[in-house]
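Q: I would like a close look at a single part of this protein, taken residue by residue and then set against the rest of the chain. Please keep to what can be read from the model itself.

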Amino acid sequence: QSISEDLSEVIRQEIGTLITGFSNGDFDKLQILQTSFIKNLRIILFIFIGGFSAFLLPLAFSSLLSYGFSIGFTISYLSIGFGGQGLAIAVASIILAFIINIPAYISLSVVAFNNCRNKKYREGNFAAYILVFVFLSLISLISVVADAFVIPIIITLICS
């Protein structure tokens, strides 16, 4: 047995333990809230900074790319490792993020790109840029509450 197979088994057992914990209602909502908030804040901050220079835009887009990669990896790993139940858990855990975050991130990226392209922050329109960004960020942060309070309930229902 190779090292990758041993590692895979360890990860599979750990994820199995987490899924069992969710099915028993054993999860820390505050920890989920904190992790989700930090993840969303990091992406929003990178997009915000990317709005100041075309050289910084790849930073924002790489953050979005890593978010997409982690979602794809989660879906594939859970569906391969745990079958239909794993796929249902993966889809349930990301569906609200897709409904809320993806449109918000796209909107934030468009606002940042337009700000960068038009250099409005140099013309004194910085307040408008911040105001639009804060509004769209608040919409994105709705998913943080969903991650911490709604999704664990859905996963508990799937596991039971």
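A: Leaving aside neighbours within four places in sequence, Val-144 is in contact with Leu-33, Ser-36, Phe-37 and Asn-40. The model is a predicted one, and in it Val-144 is found in helix α5. With a relative accessible area of 4%, Val-144 is buried, because the cut-off for that word is under 20%. The C-alpha atom of Val-144 is separated by 9.2 Å from that of Lys-39, although the two residues are 105 apart along the chain.

Helix α5 itself covers residues 142-159, and its 18 residues should span 26 Å at 1.5 Å a residue; the end C-alpha atoms are 25 Å apart, which agrees with that expectation. Along the way there is nevertheless a kink of about 40° at Val-150, shortly before the proline Pro-152. Val-144 is one of several buried residues in α5, a set that also includes Ser-143, Ala-146, Asp-147, Ala-148, Ile-151, Pro-152, Ile-155 and Cys-159.

Ile-158 is also found in α5, but Ile-158 counts as partly exposed, at 27% relative accessibility. Apart from residues within four places in sequence, the contacts of Ile-158 are with Gln-85, Ala-88, Ile-89 and Ala-92. Between Ile-158 and Ile-11, which are 147 residues apart in sequence, the distance from C-alpha to C-alpha is 21 Å.

The helix that precedes α5 in the numbering is α4, made up of residues 126-140, and Ser-140 is found in it. Ser-140 is buried, with a relative accessible area of 0%. Once its neighbours within four places in sequence are set aside, Ser-140 is in contact with Asn-40, Ile-44, Ile-100, Asn-101, Ala-104 and Tyr-105. Asn-40 therefore appears in the contacts of Ser-140 as well as in those of Val-144, where contact means heavy atoms within 4.5 Å.

Several of these partners belong to helix α3, which runs over residues 57-118. A straight helix of 62 residues would span 92 Å at 1.5 Å a residue, whereas α3 spans only 14 Å between its end C-alpha atoms. A bend of about 150° is found in α3 at Phe-82.

Leu-56 has its place in the loop between α2, residues 29-50, and α3. This residue is partly exposed, with a relative accessible area of 32%. Not counting residues up to four places away in sequence, Leu-56 touches Ile-49 and Gly-50. Its C-alpha atom is separated by 9.4 Å from that of Cys-116, a residue 60 places away along the chain.

As for the setting of these parts, the protein has five helices and zero strands, and from the N terminus on the elements run α-α-α-α-α. Among contacts between residues at least 6 apart in sequence, 77% join residues at least 24 apart. Of the 160 residues, 31% count as buried, and the C-alpha atoms fill a box of roughly 60 × 35 × 25 Å when taken along the principal axes. The protein exposes about 9,300 Å², of which carbon and sulfur atoms supply 73%, while the mean positions of its 8 positive and 8 negative charges are 22 Å apart.

How values were computed: Residues are numbered from 1 along each chain as its sequence is written. This is a predicted model: local features need pLDDT of at least 70, side-chain atom pairs count only at pLDDT 80 or more; totals for chains, interfaces and linings use all residues. Side-chain values use heavy atoms; hydrogens and water are left out. Helices (H or I, at least four residues) and strands (E, at least two) are DSSP runs, numbered from the N terminus. The expected span of a helix is 1.5 Å times one less than its number of residues. The bend at a residue is the angle between axes fitted to the seven residues ending there and the seven starting there. Buried means under 20% relative accessible area, exposed over 50%, partly exposed in between (1.4 Å probe, protein chains only). Accessible areas come from the Shrake-Rupley method with a 1.4 Å probe; for residues, only the protein chains shown count as cover. Lys and Arg count as positive and Asp and Glu as negative; His and the chain ends are not counted. The place of a charge is taken as NZ of Lys, CZ of Arg, CG of Asp or CD of Glu.
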